[in-house]
Amino acid sequence: MIKTLLLAGTAAVLLTGAASAADLPRRAAPPPVFTPVPVFTWTGFYAGFNAGYAFDVGNSTANTFVVPNQFTTAAGTTATFRQSSQDGFTGGGQIGYNFQFTPGSGVVVGIEADAQYLDFGRNRTSPIFVGGTAAPGFTVVDPRGLSSLDFFGTVRGRLGYAFDRVLFYGTGGFAYGAGSADRSFGGFRGNDDFRTGWAVGGGVEYALPTDSFLNFFKSSAVTLKVEGLYVNLDRGTRNQGALVVDAGSNVVATSAIGRRDDEFAVVRAGLNYKFGTY
C-alpha cells in the first residue's frame, strides 16, 4: 500500500513539473541581420575610351583670290575656294575624377582630359578658276581647313547633377590640336602647327551595376556616356589665305583672304571604368 502511494506521488510531481515547464516563456529568436545596401556615389577616378563622329561647323563662305598674272594662263584670273563641310570618324580615350557632394542624388563636380584621333578626309579643297587656270608648274591652294587635322584633345571641367546612377552634366575648358607636317608650304603652315583653343558641351552618363558583364577590370562601376562637344581651335592665319606654290611646294605668292578658325562639333559615345569612392 505504501509503495503504491509513493509511486502515485512521484508520478504526480513529475506531471506537475512538466506542466509548469510548458507554461514557461520560450527563448526569443535572434533578430534577423540586415546588410545595408551601399548608396551609389560618382566620387572616384575613372578611365575609358570613346568613339564618334566629327563634322565641320565653320564658316562656309567663299573666298576669292585674284591670282597674279605671271602665275596664270590669262590676265585677271580668279580662284575661288569654298570652305566645304568635312566630316569623319573620331576616337580616343579619357581619364578623369568626379566628386559628389551627397551620395545618391546630388551635385557632381569633376575634371576630365581626353586625346582624340580625327579623320576629316585628305582632299584639300580645289579652287574654281574664272578667266584662266594656274600656269604650268604652279598650283593655287588654300591650306586652311580641317582636312589635315589629325588629332585634338581637351582638358575640361565638369559640373552636373546625379539622380542616383544617372548623371547629367555640362563641360568646358581648354582644347588643342595639330595635324600632318606635309600640309605646310614654305614658311606658311597648314594644320601641322600646334594650336590651342576651347571646347564646350554636355552629356549624360549612366552607371551600370558592379557585376555588369562589361566590368572586365573589376572596377567599382562601369559607366556609359553620350556626349556632344563644340571645339574651336585658333588657326592664327589672320593675314594668310590662298597660296600660289611652285613644283617644289615653295610659296611664290599669297593672298590675305582673312582669318578662319577650325571649328567642329563632336558627337560620341564612351565607356568608363570607375575606381574607388575617394
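How much space lies in the second largest cavity? In this predicted model, the second largest cavity holds about 40 Å³ of space, and it belongs to a count of three cavities of 30 Å³ or more. The protein around these cavities includes a barrel into which eight strands close, and the points below take the barrel and the cavity in turn.

**The barrel**
- The eight strands follow one another in the order E1-E4-E5-E8-E9-E10-E11-E14, with antiparallel pairing, and the twist from one strand to the next averages 25°.
- Strand E5 (residues 105–118) pairs with strand E8 (residues 149–163) in the antiparallel sense over 13 bridges, and within this pair Gln116 stands opposite Phe152 in E8.

**Strand E14 and its partners**
- Strand E14 (residues 262–275) is largely enclosed by the rest of the structure, because 11 of its 14 residues are buried, where buried means under 20% relative accessible area.
- Strand E1 (residues 44–56) pairs with E14 in the antiparallel sense over 12 bridges, and Phe55 has Ala265 in E14 as its bridge partner.
- Strand E11 (residues 221–233) is joined to E14 by 13 bridges and the two run antiparallel, with Gly228 standing opposite Val267 in E14.

**The second largest cavity**
- The residues that line the second largest cavity are Trp42, Tyr46, Asn98, Arg158, Glu205, Thr223, Asn272 and Lys274.
- By character, the lining of the second largest cavity divides into two nonpolar, three polar and three charged residues.

Notes. Residues are numbered from 1 along each chain as its sequence is written. This is a predicted model: local features need pLDDT of at least 70, side-chain atom pairs count only at pLDDT 80 or more; totals for chains, interfaces and linings use all residues. Side-chain values use heavy atoms; hydrogens and water are left out. Buried means under 20% relative accessible area, exposed over 50%, partly exposed in between (1.4 Å probe, protein chains only). Helices (H or I, at least four residues) and strands (E, at least two) are DSSP runs, numbered from the N terminus. Two strands pair if DSSP finds at least two bridges between them. Axes are lines fitted to C-alpha atoms, for helices over the stretch in contact, and angles run from 0 to 180 degrees between N-to-C directions. On a 1 Å grid over the protein atoms alone, a cavity is a set of points where a 1.4 Å probe fits but cannot get out, and a pocket is an open set with protein on both sides within 12 Å along at least five of seven lines; lining residues have an atom within 4 Å of a point. Grid points are joined across faces, edges and corners, and a volume is the space filled by probe spheres set on the points. Ala, Val, Leu, Ile, Met, Phe, Trp, Tyr, Cys and Pro count as nonpolar, Asp, Glu, Lys and Arg as charged, and the others, Gly among them, as polar.
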